[in-house]
Amino acid sequence: KRDIISPDNLDDKWITAWVKKRNPEIILSFWSSFIFREDLIDIPPRGIVNLHNSLLPHCRGSGANIWTILEDKPGGVTLHYISPEIDKGSIIEQRKLPVHSWDTGKSLYYRQQDAMIELFEDKWSEIRVGPVETRRQEGNGSFHYYNEADQLRELDLDEEFTVRELIDRLRAFSFSPYNGCYFVDSNGNEVNIHVELNRGISTRKD
């Protein structure tokens, strides 16, 4: 009996058949990168609950920790039901999360992760018994595909930025050990950049 599977995606019909055979009342998606087809969404009568690391509808799709910084959007995490349109399902609960000026893509990612765990722990007893009150998402927000942000990693040495734009670009992609932003020097060398930001402590008394 095969009760555990590790598919690369959810496109294959045998996966839908595998889920139907088990007849789940509810499915939990913990910050999954999988895209759920409608025939799979329709199986559990109590829906599929998902965690997303943004304050939906802002930064739907992939790389929300990066885009929250790049687009200067309010930070937060969302517990919601999955719908056929990616990250557009009804909201169960949200938590706001400040985006600090010293956050990097890495530090924000892990703070979002902690916030999602806390949010789920707080709401699970209610979801498990059901039904739960939900609300529709308001506004269009933004959506980004997987690897879309990678197009912004390369810095043109002749491109003009404000200081704010450059700092936000560099810190959004600072997530060691992964490559950050980079530039290509006059010898064709690709030079990677990571920044480390620390909150300064003011000594002023006024």
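Colleague: Which elements do the buried residues of α1 pack against?

Modeller: In this predicted model, the buried residues of α1 pack against β1 (27-29) and α2 (38-41).

Colleague: Thanks! Which residues of helix α1 are the buried ones?

Modeller: Helix α1 spans residues 13-22, and its buried residues are Ile-15, Thr-16 and Val-19.

Colleague: What puts them on the same side of α1?

Modeller: The arc they cover around the axis is only 100°, so they lie on the same side of α1.

Colleague: And what is found on the other side of α1?

Modeller: There you will see Lys-13, Lys-20 and Lys-21, which are exposed. To be called exposed, a residue needs over 50% relative accessible area.

Colleague: Which residue just after α1 takes a positive phi?

Modeller: That is Asn-23, with a phi of about 50°.

Colleague: On to the cysteines. How many disulfides does the structure hold?

Modeller: Zero.

Colleague: How do you know that Cys-59 is in no disulfide?

Modeller: A disulfide needs two cysteine sulfur atoms within 2.5 Å. For Cys-59, the nearest cysteine sulfur is that of Cys-181, and it is 17 Å away. Therefore Cys-59 does not meet the definition.

Colleague: Why is Cys-59 called buried?

Modeller: Buried means under 20% relative accessible area. Cys-59 has 1%, so the label fits.

Colleague: What about Cys-181: buried or exposed?

Modeller: Cys-181 is buried, because its relative accessible area is 0% and the cut-off is under 20%. Cys-181 is in no disulfide either, with the sulfur of Cys-59 as its nearest cysteine sulfur, 17 Å away.

Technical notes: Residues are numbered from 1 along each chain as its sequence is written. This is a predicted model: local features need pLDDT of at least 70, side-chain atom pairs count only at pLDDT 80 or more; totals for chains, interfaces and linings use all residues. Side-chain values use heavy atoms; hydrogens and water are left out. Buried means under 20% relative accessible area, exposed over 50%, partly exposed in between (1.4 Å probe, protein chains only). Helices (H or I, at least four residues) and strands (E, at least two) are DSSP runs, numbered from the N terminus. The arc is that of the directions from the helix axis to the C-beta atoms. Contact means heavy atoms within 4.5 Å.
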